[in-house]
Amino acid sequence: MPASASSPPPSAIVTRLRAAGCVFAEDEARLLISAASTPADLAAMVDRRAAGQPLEHVVGWAKFCGLRIAVDPGVFVPRRRSEFLVRQTIGLAGRPAAASHSGQAGPPAVIVDLCCGSGALGAAVTAALDRAELHAADVDPAAVRCARRNVAACGGRVYEGDLYQPLPSTLRGRVGILLANVPYVPTEAVQTLPPEARLHEARRALDGGPDGLDVLRRVAAAAPRWLAPGGHLLIETSERQAPPAAEAFTRHGLAARVVSSADLNATVIIGTWPVRPAPAG
Ligand SMILES: C[S@@+](CC[C@H](N)C(=O)[O-])C[C@H]1O[C@@H](n2cnc3c(N)ncnc32)[C@H](O)[C@@H]1O
């Protein structure tokens, strides 16, 4: 925002944000000042942030895996820990784009990002790959609108509906990578979440049912119908939920393993659909 005599001094913004409980008040003040286009805009943004709205909803974007991801009010803000899910996915989907020198283009990896929210995960995975065909889906129309903006650059398609229901049937048996950051907070624990999540993100983005695994179980149960032989399903969960989550994968024929990152406090279940031998004769 151009400097203006009618804007409050940065120190006053910092004081206001700090009083509202913003731990990184200086950084946030700088970001709000650079994001606002007019003094009135800045004043409104500071008001919204001081009232407890997530910073990402106030400025309209989140940084994720080095990308700027549009995030509208009410839409789940992509979490830093989910960068671990993205890294695991990229490792399985192919070589990073920067490492390719061969000039030999293989077929594009078919990637599906279920429960895509803003589309951050699919966008980040696709940005790192040589070639990918990205399909993303979410039940929330606001999330779908956001995701369409975020995946437009990579030519990804975004569908609206319950889990796999809106996907084109031509994807059945062709998906190389199915990734999902589903809601996994147990219903009882939603009330203990920080207000930024509890009050400003859609309940449906957070609540995973009695033990937090309702949506994960549904995704795992139907994955074999969509995965290509040797394809992978990757879902973020918590360390405590990992054993029953992995069991949900194996129950549906996926070979499951659990990977985690202490740095990011992140846990991911990776399931692989076996390459079945061709039927004899
Ligand atoms: C935890 S958020 C994750 C969003 C995004 N993947 C991310 O990590 O930023 C879960 C998302 O699942 C969506 N969701 C919940 N239930 C769903 C369902 N039955 N079908 C499709 N999407 C669903 C919510 O709308 C929300 O966007």
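This section describes a buried helix, a helix pair and two loop cysteines in a predicted model.

Helix α7 spans residues 141–151. Its buried residues are A142, A143, V144, C146, A147, N150 and V151. An α-helix has 3.6 residues a turn, so residues three or four places apart point the same way. The elements covering the buried residues of α7 include the strands β2 (67–70), β4 (132–138) and β5 (157–160), together with helix α6 (120–128). The N-terminal end of α7 is capped by D140, a side-chain oxygen of which lies 3.0 Å from the backbone nitrogen of A142; A142 is itself among the buried residues of the helix.

A helix pair is formed by α10 (residues 214–226) and α11 (residues 242–251), which pack with their axes 8 Å apart and at an angle of about 25°. Because angles under 35 degrees count as roughly parallel, α10 and α11 are described as roughly parallel to each other. Their crossing is right-handed. In this contact, L216, R217 and A220 of α10 meet A245, A248 and F249 of α11. By class, five of the contacting residues are nonpolar and one is charged, with no polar residue.

Backbone geometry was also examined. Most residues other than glycine have a negative phi. C65, by contrast, has a positive phi, near 50°, and is found in the loop between β1 (61–64) and β2. C65 is partly exposed, with a relative accessible area of 29%. C115, likewise not a glycine, has a positive phi of about 55° and lies in the loop between β3 (109–114) and α6. Helix α6, which follows that loop, is one of the elements covering the buried residues of α7.

Notes: Residues numbered from 1 in each chain as written. Predicted model: local features only at pLDDT ≥ 70, side-chain atom pairs only at ≥ 80, totals over all residues. Heavy atoms only, no water. Buried < 20%, exposed > 50% of the residue type's maximum accessible area, 1.4 Å probe, protein only. Helix = DSSP H or I, 4+ residues; strand = E, 2+ residues; numbered from the N terminus. Contact = heavy atoms within 4.5 Å. Polar contact = N/O pair within 3.5 Å; in protein donor to acceptor, adjacent residues only side chain to side chain. Axes fitted to C-alpha atoms, helices over the stretch in contact; angles between N-to-C directions. Parallel < 35°, antiparallel > 145°, perpendicular 65-115°, else oblique. Left-handed = near helix turned anticlockwise from the far one by under 90°. Nonpolar A, V, L, I, M, F, W, Y, C, P; charged D, E, K, R; others polar.
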